[in-house]
Amino acid sequence: MLMFYVAATSVLITIILAMIRAMLGPTVFDRVLALNMIGTKTVLLICVIGFLTGRTDFLDLALLYSLMNFIGMVALLRFSEFGSFGQEKS
Amino acid sequence: MELALDIVSWIFLILGAFFSIVGGIGIVRFPEFFSRLHGGGITDTMGAGMLIIGLLFQVKHPLVGVKLMMILFFLIMTSPASCHALAKSAISQNVKPTLDDRKRK
């Protein structure tokens with residue numbers, strides 16, 4: 001049981017460090033990188049907390065959130081590069 | 001048997017925690033965008049992989065293990081793709097990496 005507390009604390013520390021970079025970063029790409037990292041760490045945090053409390057149903061939430069994180073990040077990169085989300089029909 | 005599984009879980013969880021914190025420190029302290037991208041990559045692959053493998057030794061029901069392996073598979077597939085997309089988008093918007101300009105003898 002102690003090992004889950006150690007893992008959850010270290011993942012929380014990593015999330016706080018990524019938030020520092022999201023506030024500081026001069027370019028927009030630094031902030032997108034920090035957001036990607038926060039998303040991945042949130043997935044891991046949900047998994048560890050699911051094992052800590054004994055409710056293993058939380059793994060469904062983790063799987064879904066990792067899918068949404070990936071799609072959100074690709075959409076944000078497309079928007080910052082082109083100015084719109086797809087090709088416009090003329 | 002329970003003790004052996006617990007010791008192996010401890011080792012993998014401690015390694016995963018270590019790599020996550022090292023990646024987090026790297027993303028704060030590096031001077032430039034492309035080196036920070038390396039810190040993010042370390043966290044996404046080594047930290048996440050070791051943590052999930054450490055959790056795999058603690059399951060009591062096989063369906064939970066299958067779900068954990070699906071999460072691991074999906075993370076391994078999408079983390080390199082999203083890091084590559086980020087680097088490519090940065091290059092095409094003219095973010096230049098700082099190169100080492102010392103002359104070689």
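Helices here are DSSP runs of at least four residues, numbered from the N terminus, and by that naming Phe4(A) belongs to helix H1 of chain A. The legends below all refer to a predicted model.

**View 1. Phe4(A) and its surroundings.** Let us start with Phe4(A), which sits in helix H1 of chain A. Its relative accessibility is 6%, so Phe4(A) counts as buried. Leaving aside residues up to four places away in sequence, Phe4(A) touches Val48(A), Phe51(A) and Leu52(A) in chain A, and Leu13(B), Leu55(B) and Gln58(B) in chain B. You can also follow the backbone here: 9.7 Å separates the C-alpha atoms of Phe4(A) and Thr53(A), which are 49 residues apart along the chain.

**View 2. The ring pair of Phe4(A) and Phe51(A).** Five aromatic pairs are found over all chains of the structure, and this close-up shows one of them. The ring centres of Phe4(A) and Phe51(A) are 6.1 Å apart and the planes lie at 35 degrees, so the pair is tilted. Distant parts of the chain are linked by this pair, with Phe4(A) in helix H1 (residues 2-24) and Phe51(A) in helix H2 (residues 28-53) of chain A, 47 residues apart. Both Phe4(A) and Phe51(A) are buried.

**View 3. An aromatic cluster with members from both chains.** Here Phe29(A), Phe33(B) and Phe34(B) come together as one aromatic cluster. Within this group, look for the rings of Phe33(B) and Phe34(B): their centres are 5.1 Å apart and their planes stand at 65 degrees, so the pair is edge-to-face. Phe33(B) has a relative accessibility of 6%, which means that this residue counts as buried.

**View 4. Where chain B meets chain A.** Zooming in on the interface, we find 43 residues of chain B in contact with 36 residues of chain A. About 3700 Å² is buried between the two chains, and carbon and sulfur atoms account for 79% of that area. On the chain B side, the residues that lose the most area to chain A are Ile27(B), Ile71(B) and Leu86(B), which together make up 14% of what that side buries.

**View 5. Polar links and the helices of chain B at the interface.** Two salt bridges cross the interface of chain B and chain A. One to look for joins the side chains of Asp30(A) and Arg36(B), with 2.9 Å from N to O. Eight residue pairs are in polar contact across the interface, with both partners at pLDDT 80 or more. The elements giving two or more residues to the chain B side are helix H1 (2-29), helix H2 (33-56) and helix H3 (62-92) of chain B. Of these, H3(B) gives the most, with 15 residues. By residue type, the chain B side divides into 27 nonpolar, 12 polar and four charged residues.

**View 6. Two residues of helix H3 in chain B.** Ser89(B) is our first stop in helix H3 of chain B. With a relative accessible area of 3%, Ser89(B) is buried. Apart from residues up to four places away in sequence, Ser89(B) touches Phe29(A), Leu77(A), Ser80(A) and Glu81(A); Phe29(A) is also a member of the aromatic cluster in View 3. Val66(B) has its place in helix H3 of chain B too. At 43% relative accessibility, Val66(B) counts as partly exposed. The C-alpha atoms of Val66(B) and Gly23(B) are separated by 28 Å, and these residues are 43 places apart along the chain.

How values were computed. Residues are numbered from 1 along each chain as its sequence is written. Chains are lettered from A and ligands numbered from 1 in the order in which they are written. This is a predicted model: local features need pLDDT of at least 70, side-chain atom pairs count only at pLDDT 80 or more; totals for chains, interfaces and linings use all residues. Side-chain values use heavy atoms; hydrogens and water are left out. Contact means heavy atoms within 4.5 Å. Buried area is the accessible area (1.4 Å probe) that two parts lose on being put together, summed over both. A salt bridge is a side-chain nitrogen of Lys or Arg within 4 Å of a carboxyl oxygen of Asp or Glu. A polar contact is a pair of N or O atoms within 3.5 Å; within protein, one must be able to donate a hydrogen and the other to accept it, and residues adjacent in sequence count only if both atoms are side-chain atoms. Ala, Val, Leu, Ile, Met, Phe, Trp, Tyr, Cys and Pro count as nonpolar, Asp, Glu, Lys and Arg as charged, and the others, Gly among them, as polar. Rings of Phe, Tyr and Trp (its six-membered ring) pair if their centres lie within 6.5 Å; planes under 30 degrees apart count as stacked, over 60 as edge-to-face and the rest as tilted. Buried means under 20% relative accessible area, exposed over 50%, partly exposed in between (1.4 Å probe, protein chains only).
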